[in-house]
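Dear colleague,

I am passing the structure on to you with this email. Please look it over first; my notes on what was found in it follow.

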Amino acid sequence: MSRLDRAVVPALGYVAAALMFCLMLLTCVDVVGRYFFNKPVTGGFELTEMLLAALIFAGLPLVTLRGDHITVDLFDPVTPDWLFRIQHALATLVGAACTGYLAWCLGLRALALDRAGETTSQLQFKIAWLAYAMALLMALTAAALVVTLFRPPHRHIPGQGEGPGA
């Protein structure tokens, strides 16, 4: 496990867990307030949207560093090692380039939202802060992909070390 893994993975795990807990708490309070007191949480929908966006983007670098993405591995058992390494390198480079570009686009969008002073309709929360966080987390995902480029690729061969029966 690299230094980046030891520093970032636990931190992102705690952030994701805290976001999930806040989302769960908000949902429970909103449901109880709505059905028992006829008073839903003001801005509950906006808060849910922001928490979900933050949770998804906080999870991206975490999943990337842990290698937990969903993969299609139909040809892993029959692909030669040299081709498998090339496939891993190309897929990782394309992923890093795409997520880096998306981070840049999100950063530009955050700047535009900040300049325009855009806020949510009910709570008047500045949307730019969320967009900045999303851009930063997407850039961290791109960095995580670059880190995984230098790791040996992992084959997903059925019956070898995975699942409950292994």
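At 43% relative accessibility, C28 counts as partly exposed, because that class lies between buried (under 20% relative accessible area) and exposed (over 50%), with a 1.4 Å probe and protein chains only. Please bear in mind that this is a predicted model, in which local features need pLDDT of at least 70 and side-chain atom pairs count only at pLDDT 80 or more, while totals for chains, interfaces and linings use all residues. Residues are numbered from 1 along each chain as its sequence is written, and side-chain values use heavy atoms, with hydrogens and water left out.

As for the cysteines, a search of the whole structure finds 0 disulfides, a disulfide being a pair of cysteine sulfur atoms within 2.5 Å. For C28, the nearest cysteine sulfur is that of C22, 12 Å away. C98 is likewise in no disulfide, with the sulfur of C105 nearest at 11 Å, and at 44% relative accessibility C98 counts as partly exposed.

T120 sits in the loop between α3 (81–116) and α4 (127–149), where helices are DSSP runs (H or I, at least four residues) numbered from the N terminus. With 10% relative accessibility, T120 counts as buried, and leaving aside its neighbours within four places in sequence, T120 has contacts (heavy atoms within 4.5 Å) with E46, M50, F125 and I127.

Finally, two residues that are not glycines have a positive phi: N38, at about 55 degrees, and Q124, at about 60 degrees. N38 lies in the loop between α1 (3–36) and α2 (44–66) and is exposed at 68% relative accessibility, whereas Q124, in the loop between α3 and α4, is partly exposed at 49%.

With best wishes

Key
Helix = DSSP H or I, 4+ residues; strand = E, 2+ residues; numbered from the N terminus.
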